[in-house]
Structure formats: structure tokens, C-alpha cells
Amino acid sequence: MDGPSESPRDGLVTFLPHRLNRHPVVVRGLTADELWVCAGLSAAAGFVAGVPLAWLTHSIAMVPTLVVAGIGIGVFAGGGFLRRQKRARPDTWLYRQLQWRLALRFPSLGAQVGGGQLITRSGWWTTRRQRTSTSIRRGGA
């Protein structure tokens, strides 16, 4: 049995780990990309809250203090929230969900992030053939 009809499994890899290409979880259920987005949005919120508070208290130290506090609170709260949202869903669910929401609410921005490839139609779907008025007149289906 040295010929090409030796075995249908020759040359095939019999073991492929299914989690090989997943991004590793870094902190509180967030991957590195999700952690950067969460930390960035939290830092921006801390900065926006810190500037008026620094003006009111006449202390510029309020800005970096609230930025750091915002990152800590945002990663803690955002990590828990995203972990609950992603539970028992595929790895790409979060990204497709964001892509779909952008495609529905902001079509021009959604097209830039690949939302044009998603099905955004709402309404009734059917898989059966239906008789049209022309097929009824002809007497056939």
C-alpha cells in the first residue's frame, strides 16, 4: 500500500486545537484590544470630568487624578459588563454586534467598517414559493 489510495487520512492533521487563534484574556475577561478601548474611553471620560473640577477647585492635579480613577473604574466596571455580554457567544460576536449597530444607525460610517457586508433588512422572510398573480392567471405554479 504505497500508492495514492493508501488511506484517505494520509497527509491530514488529525489534531487542530480550536482555541489556537483566540486572543488571550488579559484582565477581567477583556482581551488586549478590548482593554485598550475600555481604558481609552474611561480615560477620556475622566479627562472630561476632571477639567471642570480642576477649574472649580483651582487644582490642576484633579485632571490626572480623575483620569487614573476613571481608568480603574472603567476597566473594573467595563470588564464585568463585557464579560457578561460575551458569555456563551462566539469570539467575534462583540465585533459583529458593533459593526451591525454602526451599519444600522450610521450607514456611511458602517460602510467604512465593513457593515455593508451584513444583512440589515428587517421584515418577514419566507423560504417557500408563493403564487403570484401571473402564475394564478396562467394556471400553473
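## Working through a predicted model

Arg89 lies over the face of Trp93, with 4.3 Å to the ring centre. Keep in mind that this is a predicted model; here are some exercises to try on it.

**Exercise 1. Find the charged end that sits over the ring of Phe76, then say how many aromatic pairs the structure holds.**

Start at Phe76: the charged end over its ring belongs to Arg28, 4.3 Å from the ring centre. Put that beside the Arg89 and Trp93 arrangement, where the distance to the ring centre is 4.3 Å. Now turn to rings paired with rings. The count of aromatic pairs in the structure is 0.

**Exercise 2. Lay out the elements of the protein from the N terminus on.**

First, count: the protein has 5 helices and 2 strands. Next, put them in order, which gives β-β-α-α-α-α-α from the N terminus. Then look at burial across the chain: of the 141 residues, 21% are buried. Finally, take the contacts with a separation of 6 or more; 38% of them join residues 24 or more positions apart.

**Exercise 3. Describe how H1 and H2 pack: at what angle do their axes cross, and is the crossing left-handed or right-handed?**

Take helix H1 as residues 32–57 and helix H2 as residues 62–86. Their axes come within 7 Å and cross at roughly 145°. As for handedness, the crossing of H1 past H2 is right-handed. The residues of this contact comprise 15 nonpolar, 7 polar and 2 charged ones.

Now zoom in on Ala39, a residue of helix H1. Is Ala39 buried or exposed? Its relative accessibility is 16%, and the cut-off for buried is under 20%, so Ala39 counts as buried. For its partners, skip residues up to four places away in sequence; Ala39 then touches Ile71 and Val75. One more distance to check: Ala39 and Gly74 are 35 residues apart in sequence, yet their C-alpha atoms are 6.6 Å apart.

**Exercise 4. Work out whether Thr31 is buried or exposed, and which residues it is in contact with.**

Locate Thr31 in strand S2, residues 30–31. Its relative accessibility is 8%, so Thr31 counts as buried. With neighbours within four places in sequence set aside, the contacts of Thr31 are His23, Pro24, Val26 and Tyr95.

**Exercise 5. Do the same for Ala103: is it buried or exposed, and what is it in contact with?**

Ala103 belongs to helix H3. At 13% relative accessibility, Ala103 counts as buried. Leaving out neighbours within four places in sequence, you'll find Ala103 in contact with Gly110, Gly115 and Thr120. Then try Gly116: it is 13 residues from Ala103 along the chain, and the two C-alpha atoms are separated by 7.0 Å.

**Exercise 6. Place His58 and Ala88, and say what phi each has.**

Begin with His58, in the loop between H1 and H2. His58 is not a glycine, but its phi is positive, about 55°. Its relative accessibility of 73% is over the 50% cut-off, so His58 counts as exposed.

Move along to Ala88, in the loop between H2 and helix H3 (93–105). Ala88 also has a positive phi in a residue other than glycine, near 60°. With 82% relative accessibility, Ala88 counts as exposed.

Technical notes. Residues numbered from 1 in each chain as written. Predicted model: local features only at pLDDT ≥ 70, side-chain atom pairs only at ≥ 80, totals over all residues. Heavy atoms only, no water. Axes fitted to C-alpha atoms, helices over the stretch in contact; angles between N-to-C directions. Helix = DSSP H or I, 4+ residues; strand = E, 2+ residues; numbered from the N terminus. Left-handed = near helix turned anticlockwise from the far one by under 90°. Nonpolar A, V, L, I, M, F, W, Y, C, P; charged D, E, K, R; others polar. Buried < 20%, exposed > 50% of the residue type's maximum accessible area, 1.4 Å probe, protein only. Contact = heavy atoms within 4.5 Å. Phe/Tyr/Trp six-rings, centres within 6.5 Å; stacked < 30°, edge-to-face > 60°. Lys NZ or Arg CZ within 6 Å of the ring centre and 35° of its normal.
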